[in-house]
Amino acid sequence: GAALAAAEAVDAVELTAVAPNPVASTARVSFAVPSAGRARVSVVDVRGREVAVVFDGAVAAGRHEATLAAGRLAAGVYLVRLEAGGQVVTRQAAVVR
């Protein structure tokens, strides 16, 4: 009961995983937010240009998943960027062909 609920509580904006990584076609992007609001998950190239938007919308507090479709991205290294609650968190991901 209470112990499980406490374990599931999210107290920070987290970009918990991009899997698989490296990604060939699609990857699961897992993220968490401590309070309800807008979340935006995007992909940025090494020059800082946004090349894809994975998710952009309202979310409830807690853990979420979105799908990154990497089929149109060139092979290389990217940053997956989560913006939520006034914070930005990034995680590196590689796209392979």
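**Chat about two sheets and a shared core**

Q: Which residue in β5 is the bridge partner of Phe31?
A: That's His64: in this predicted model, Phe31 is bridged to His64 in β5.

Q: And how many bridges join β2 to β5?
A: There are 8 of them, and β2 and β5, residues 62-69, run antiparallel. Another position to look at is Thr26, which stands opposite Ala69 in β5.

Q: What does β1 do with β2?
A: β1, residues 14-19, pairs with β2 in the antiparallel sense over 5 bridges. Ala19 has Arg28 in β2 as its bridge partner. A hairpin through 6 residues takes the chain from β1 to β2.

Q: OK, so what is the strand order in that sheet of 3 strands?
A: The order is β1-β2-β5, in an open sheet with antiparallel pairing. β1 and β5 are the edge strands with a single partner each, so one side of each has no neighbour in the sheet. Ignoring direction, neighbouring strands here are turned by 20 degrees against each other on average.

Q: Is β2 largely enclosed or largely open?
A: Largely enclosed by the rest of the structure, because 6 of its 8 residues are buried. Phe31 is a good one to click on: its relative accessibility is 2%, so Phe31 counts as buried.

Q: Switching topic: how many aromatic pairs are there?
A: The count comes to 1 aromatic pair. It's Phe31 with Phe55: the ring centres are 6.0 Å apart and the planes are at 45 degrees, so the pair is tilted.

Q: Where do those two sit in the chain?
A: Phe31 is in strand β2, residues 26-33, and Phe55 is in strand β4, so the pair links distant parts of the chain, 24 residues apart. Phe55 is partly exposed, with a relative accessible area of 25%.

Q: What's the order of the sheet with 4 strands?
A: It goes β4-β3-β6-β7, again an open sheet with antiparallel pairing. β4 (50-59) and β7 (87-95) are at the edges, and since each has a single partner strand, one side of each is left without a neighbour in the sheet. The twist from one strand to the next averages 15 degrees.

Q: How many bridges join β3 to β4?
A: β3, residues 37-44, is joined to β4 by 8 bridges, and they run antiparallel. One bridge puts Arg40 opposite Asp56 in β4.

Q: Which residues have the most contacts inside the largest nonpolar core?
A: Val29, Phe31, Val41, Val43, Val54, Val80 and Leu82, in a core of 24 residues. Strands β1, β2, β3, β4, β5, β6 (76-84) and β7 each supply at least two residues of that core.

Q: What about Arg38, buried or exposed?
A: Exposed, at 54% relative accessibility. Arg38 is in strand β3, and its C-alpha lies 6.1 Å from the C-alpha of Val59, although the two are 21 residues apart in sequence.

Q: What does Arg38 contact, apart from neighbours within four places in sequence?
A: Asp56, Gly57, Ala58, Glu83, Ala84 and Gly85. With Asp56, there's a polar contact of 2.9 Å between the side chains. Asp56 comes up in the strand pairing too, as the bridge partner of Arg40.

Q: Last one: where is Asp45?
A: In the loop between β3 and β4. Asp45 has a relative accessible area of 10%, so it is buried.

Q: What does the Asp45 side chain reach at 2.9 Å?
A: The backbone nitrogen of Arg47. Leaving aside neighbours within four places in sequence, Asp45 is also in contact with Val51 and Tyr78.

Conventions:
Residues are numbered from 1 along each chain as its sequence is written. This is a predicted model: local features need pLDDT of at least 70, side-chain atom pairs count only at pLDDT 80 or more; totals for chains, interfaces and linings use all residues. Side-chain values use heavy atoms; hydrogens and water are left out. Two strands pair if DSSP finds at least two bridges between them. Axes are lines fitted to C-alpha atoms, for helices over the stretch in contact, and angles run from 0 to 180 degrees between N-to-C directions. Rings of Phe, Tyr and Trp (its six-membered ring) pair if their centres lie within 6.5 Å; planes under 30 degrees apart count as stacked, over 60 as edge-to-face and the rest as tilted. Buried means under 20% relative accessible area, exposed over 50%, partly exposed in between (1.4 Å probe, protein chains only). A nonpolar core is a set of buried Ala, Val, Leu, Ile, Met, Phe, Trp, Tyr and Cys residues joined through side-chain atoms within 4.5 Å. A polar contact is a pair of N or O atoms within 3.5 Å; within protein, one must be able to donate a hydrogen and the other to accept it, and residues adjacent in sequence count only if both atoms are side-chain atoms. Contact means heavy atoms within 4.5 Å.
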